Amino acid sequence: MRTMNRETLRHRLLLLLPAVMRLALVAVVAVIAGVLFGAVAGLAVALAGVVLMFLVHLVYLAFLGQWLEQPRLATIPHGVGTWAEIFTRLYKSRRASEASERRLQDNEERFRRTISALPEGILLVDASLQIEWCNPVAEQHLGISLRADQGLRLTNLVRDPAFVAYMTSANFEQPLVFRPLGNPALVLSIGVIEFEPGRSIVISRDITQSERVDAMRRDFVANVSHELRTPLTVVNGFLETLLDARPPLDATRTRHLQLMHEQASRMQRLVEDLLLLSRLESAETPLAEEQVDVPQLVRALESEARALSQGRHEIAAEIERVHLRGSREELRSAFGNLVSNAVRYTPAGGRIRLRWRVADDGALFEVEDSGIGIEPEHIPRLTERFYRVDKSRSRETGGTGLGLAIVKHVLLRHQGRLDVRSRVGQGSVFGAWLPAARLIRVAEPARAAA
Ligand code: ADP
């Protein structure tokens, strides 16, 4: 600290030294003139010297002022004495700042070139979705032009309803997959990252190829499942006939037939679940927008749970009078899977609660059980097809391993999500959340007059 002060002081003295020396020179000449020609002459010389110095400073000040209007390195003025030192220092500082400006520009240029070379479209937008910058891939994906559209609102340029709804929602957890209206052969996956308050990066990825492969896989699974459906129905039908045969078959054969019937039924359920999943995944299946009487649905599921449990569990339901806009069949399938899982993964004597209530800017269908629970590392993977924590238990209880994948897809189609909380050995809560926009409140039924 002290050395810095001393250094600064030395610098200042160095700067003032020529001016002080000139003043001293004027003083010496004035004294000599005074001695030789009298006091008046001495004073006149001193005055003339000071005025001259003042005028010189004025001229340099004018130069400085003029230069500061356009401070370029090439036009920096030359000076003498203190001004030479001042201009040299200005020159050095200007040169340093021009070099750092150039470095900054080079870095920015390199950064833009790097981003431009990415195979993804990158677009910077502000809080009101006005385009700040984008790379050529984003221009190509979204059919915009940086030169013409910079500063315009992105949603005024890309008007696909799904895109506009996604960009104006605050939920970017899942990417949006869509086909731009202007180029329906292209399939884009859009993601948004807010990198500082009010500024976001929109990333567009061309997933046409992987979508095509995915569609082929989906079609293949759907076709195979479809082809398996009829033979399985026939096999199952004949097995049932044989099981009901009169007079009954002997015990060993009956046991074998029962096992065949169980496995054939499991295959049938698998085929049905696979078909349902491929229908849910297909963009061609539009979502039915019916008014779904969820209270009635939950009551029906409660009775189904009782039938499945056969008295082994204590089952209860709490239901609010709210209906939903969506697909009755899909919601029934999703909620039904959660309920049947609760029964299947809760040992006898356990408790199962179904709840349908308004919550978190939407509504929640919750299934709480006091069952075996799930270890935390499995929870993020539960909705993957055929992911099972305990394979044998899933099979024993007739699971297909597709139940939660179906739940996830149904909820996605309804702009909802699945939340899972669980403690091993204590139980789980599976919550299917649906957004407020889908809720239909119904009036309380008029109470019968007393
Ligand atoms: P499955 O047909 O095997 O039940 P799901 O997709 O419905 O397939 O569930 C995936 C896995 O999640 C199950 O195999 C099971 O391990 C676990 N699981 C689902 N629900 C529960 C629950 N209520 N309690 C404990 N584990 C569960």
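Is Glu108 buried, exposed or partly exposed, and what is its relative accessible area? In this predicted model, Glu108 is partly exposed, at a relative accessible area of 43%. Its side chain meets that of Arg112 in a salt bridge, with an N to O distance of 3.4 Å. Arg112 is likewise partly exposed, at 33%. Both residues belong to helix H3, which spans residues 82-117. They lie four residues apart, about one turn of the helix.

The protein as a whole contains 13 helices and 13 strands. Its radius of gyration is 41 Å, whereas the globule rule gives 22 Å for 450 residues; the protein is therefore more spread out than a compact globule. Along the principal axes, the C-alpha atoms fill a box of roughly 155 × 55 × 50 Å. Of the 450 residues, 36% count as buried. The exposed surface comes to about 27500 Å². Carbon and sulfur atoms supply 59% of that area. Among contacts with a separation of 6 or more, 57% involve residues 24 or more positions apart.

The protein carries 57 positive and 52 negative charges. The mean positions of the two sets are 6 Å apart. The count of salt bridges comes to 28.

One of these salt bridges joins the side chains of Glu120 and Arg205, at 3.4 Å from N to O. Glu120 sits in the loop between H3 and strand S1 (121-126), and Arg205 sits in strand S5 (residues 199-206), so the pair ties together parts that are 85 residues apart in sequence. Glu120 is partly exposed, with a relative accessibility of 22%. This value is not under 20%, the limit for buried, so Glu120 does not count as buried. Arg205 is also partly exposed, with a relative accessible area of 40%.

A further salt bridge links the side chains of Arg306 and Glu302, at 3.2 Å from N to O. Both residues lie in helix H10, which covers residues 294-309. Their spacing is four residues, about one turn of the helix. The two partners fall into separate accessibility classes. Arg306 is partly exposed, at 42%. Glu302 counts as buried, at 13% relative accessibility. Elsewhere, salt bridges that share partners join six residues into one network: Glu318, Arg355, Arg357, Glu366, Glu368 and Arg421.

Key:
Residues numbered from 1 in each chain as written. Predicted model: local features only at pLDDT ≥ 70, side-chain atom pairs only at ≥ 80, totals over all residues. Heavy atoms only, no water. Helix = DSSP H or I, 4+ residues; strand = E, 2+ residues; numbered from the N terminus. Rg over C-alpha atoms; globule rule 2.2 N^0.38 Å. Buried < 20%, exposed > 50% of the residue type's maximum accessible area, 1.4 Å probe, protein only. Contact = heavy atoms within 4.5 Å. Areas by Shrake-Rupley, 256 points an atom, 1.4 Å probe, with all protein chains shown as cover. Lys, Arg positive; Asp, Glu negative; His and termini not counted. Charge placed at Lys NZ, Arg CZ, Asp CG, Glu CD. Salt bridge = Lys/Arg side-chain N within 4 Å of Asp/Glu carboxyl O.
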